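Visitor: I have a few short questions about this chain. Could you take me through them one at a time?

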Amino acid sequence: MASEKADLSRFFPRSGGLSKDRKAEIARHFRAKQMSPKDAKQSTARGLPGRIRAITFDLDDTVWDGYKTIVRANDKMFEWLQANAPRCAAKYTPGRFRELMGSVKKREPEIAYDFTALRKRALDIALKDTGYQDAPSVEEAFGAFIAARNDVYLYDDALETLRSLRATGVIVGAITNGNADVWAIPRLAGLFDFSVRAGDAGEAKPRRAPFDRALECCRRVLAEAGVCARPGGGESGGLLGVEHILHVGDSLESDVGGAKRAGFASAWLNRPGAGEAGEAGSRSGSKKPGPGSGLESESDSKESKGSKSKQGGPPNPSACAPSGSPARSSQGTECEKGAAARPAPSSAAATKCGSAPAQPPVSKLGPDWIIAGLDELCSKL
């Protein structure tokens with residue numbers, strides 16, 4: 001048990017465990033949702049998920065504007081190189097540096113999932129290639145990048161959603177392929193119970209490791225709150241199995257596909273035009289970085305929005321409908337077997353997929369659908 005806790009510590013705040021108040025919130029929520037062993041067995045036999053008891057979020061282009069954040073972070077790194085390693089900045093322009101990172105990713109697949117290791121390796125090569133053998137430091141150059149990487153452009157619905165969810169006692173976590181650190185972002189540090197980054201998990205979404213680590217973190221949170229995750233035992237996880245976790249993200253492949261393969265419920269958050277910012281902060285256009293932008297795919301969705309229509313609408317319903325279940329399309333596509341459609345809010349334009357009941361299509365986060373929608377539908381099981 002000690003070794004397991006040490007292994008999971010990288011996913012939790014460096015300041016320590018849950019606060020006393022947070023433990024009490026979680027304990028109240030989970031004790032109110034306990035099912036008897038008989039009820040749990042009947043629910044499993046019917047093929048129905050239990051009530052959603054934990055929600056994990058992707059970060060880039062879900063909680064904040066990943067493209068806009070990474071653009072600024074790259075700018076800050078190159079400003080540092082221009083001031084401290086001008087020969088490097090002259091030879092390795094943003095476009096060439098991006099190409100270098102791509103070649104390192106191919107040559108060293110063992111670090112391909114870890115954007116911190118990947119960027120530091122590319123910086124080391126670029127600095128040495130231009131005659132900077134000892135100084136300036138790779139760590140200093142990377143520090144200029146990561147400071148801006150953690151200075152994120154939050155979407156205006158993110159804070160209210162996270163605060164509202166935490167107030168219910170639901171476990172709230174993050175699963176990201178990027179290298180942003182939620183514990184270094186003051187506005188977010190107190191809103192997540194844990195955060196799983198690909199670089200710490202050993203694999204990137206859509207592979208299983210990040211989702212498996214998230215399940216372990218959820219159970220550790222329950223243990224800290226004094227709640228047993230497996231009352232009565234059983235393979236389903238008792239109070240908290242994979243079927244009780246909803247993952248929300250913008251990538252059909254990394255988030256929806258990865259979550260479904262891990263057994264999580266999943267929700268596709270399709271923010272129209274997310275990923276590329278205009279001068280006034282409006283978001284429009286493709287999520288693909290342009291040539292010479294210096295952007296590697298550090299946010300999950302750069303490659304994965306290709307399944308959207310040319311008009312920017314939702315993908316073909318068959319792309320995410322579970323086997324044997326009907327798919328319906330209006331402003332979005334609802335992919336849950338046996339779930340009734342609900343009217344969409346005015347901003348609706350998203351697709352939900354997964355093993356939990358379908359929710360109203362939306363194009364932004366909000367407690368109106370995450371809390372009320374899930375609570376209403378799951379309570380009928």
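Visitor: In which loop does Asp61 lie?

Guide: This is a predicted model, so that caveat applies throughout. Strand β1 covers residues 54-57. Asp61 lies in the loop between β1 and α4.

Visitor: Is Asp61 buried or exposed?

Guide: The relative accessible area of Asp61 is 1%. Buried means under 20%. Asp61 is therefore buried.

Visitor: What is phi of Asp61 near?

Guide: Most residues other than glycine have a negative phi. Asp61 is not a glycine, yet its phi is positive. The value is near 65°.

Visitor: Which peptide bond is cis, and what is its omega near?

Guide: Most peptide bonds are trans. The bond from Lys205 to Pro206 is cis. Pro206 is found in the loop between α11 (198-201) and α12 (208-224). Omega of the cis bond is near 15°.

Visitor: How are α4 and α8 oriented to each other, roughly parallel or roughly antiparallel?

Guide: Helix α4 spans residues 66-84 and helix α8 spans residues 138-149. Their axes are 8 Å apart, at an angle of about 155°. Angles over 145 degrees count as roughly antiparallel. So α4 and α8 are roughly antiparallel.

Visitor: Which residues of α8 does α4 meet?

Guide: The crossing of α4 and α8 is right-handed. On the α4 side, the residues include Ile70, Met77, Trp80 and Leu81. On the α8 side, they are Glu140, Ala141, Ala144, Phe145, Ala148 and Arg149.

Visitor: How many nonpolar residues does the contact of α4 with α8 have?

Guide: Take the classes in turn. Two residues are polar and four are charged. The nonpolar residues number nine.

Visitor: Arg149 is in that contact. Which side chain makes a polar contact with the side chain of Arg149?

Guide: The partner lies in the loop between β2 (171-176) and α10 (186-189). The partner is buried, with a relative accessible area of 5%. The two side chains make their polar contact at 3.2 Å. The partner is Asn179.

Visitor: How far apart are the axes of α6 and α7?

Guide: Two packed helices are described by the angle between their axes and the distance between the axes. Helix α6 (residues 94-107) packs on helix α7 (residues 115-129) at an angle of about 115°. The crossing is right-handed. The axes are 9 Å apart.

Visitor: How many charged residues does the contact of α6 with α7 have?

Guide: Helix α6 contributes Phe97, Leu100, Met101 and Val104, among others, and α7 contributes residues including Phe115, Leu118 and Ile125. By class, 10 residues are nonpolar and no residue is polar. The charged residues number four.

Visitor: Which residues does Ala262 touch, not counting those up to four places away in sequence?

Guide: Ala262 is found in helix α13 (residues 252-262). Ala262 is buried, with a relative accessible area of 6%. The residues that Ala262 touches are Arg208, Phe211 and Val242.

Visitor: What distance separates the C-alpha atoms of Ala262 and Asp212?

Guide: Along the chain, Ala262 and Asp212 are 50 residues apart. In space, their C-alpha atoms are separated by 7.5 Å.

Visitor: What share of the residues of the chain count as buried?

Guide: The chain has 14 helices and eight strands. Its residues number 381. The share that counts as buried is 52%.

How values were computed
Residues numbered from 1 in each chain as written. Predicted model: local features only at pLDDT ≥ 70, side-chain atom pairs only at ≥ 80, totals over all residues. Heavy atoms only, no water. Helix = DSSP H or I, 4+ residues; strand = E, 2+ residues; numbered from the N terminus. Buried < 20%, exposed > 50% of the residue type's maximum accessible area, 1.4 Å probe, protein only. Polar contact = N/O pair within 3.5 Å; in protein donor to acceptor, adjacent residues only side chain to side chain. Axes fitted to C-alpha atoms, helices over the stretch in contact; angles between N-to-C directions. Parallel < 35°, antiparallel > 145°, perpendicular 65-115°, else oblique. Left-handed = near helix turned anticlockwise from the far one by under 90°. Contact = heavy atoms within 4.5 Å. Nonpolar A, V, L, I, M, F, W, Y, C, P; charged D, E, K, R; others polar.
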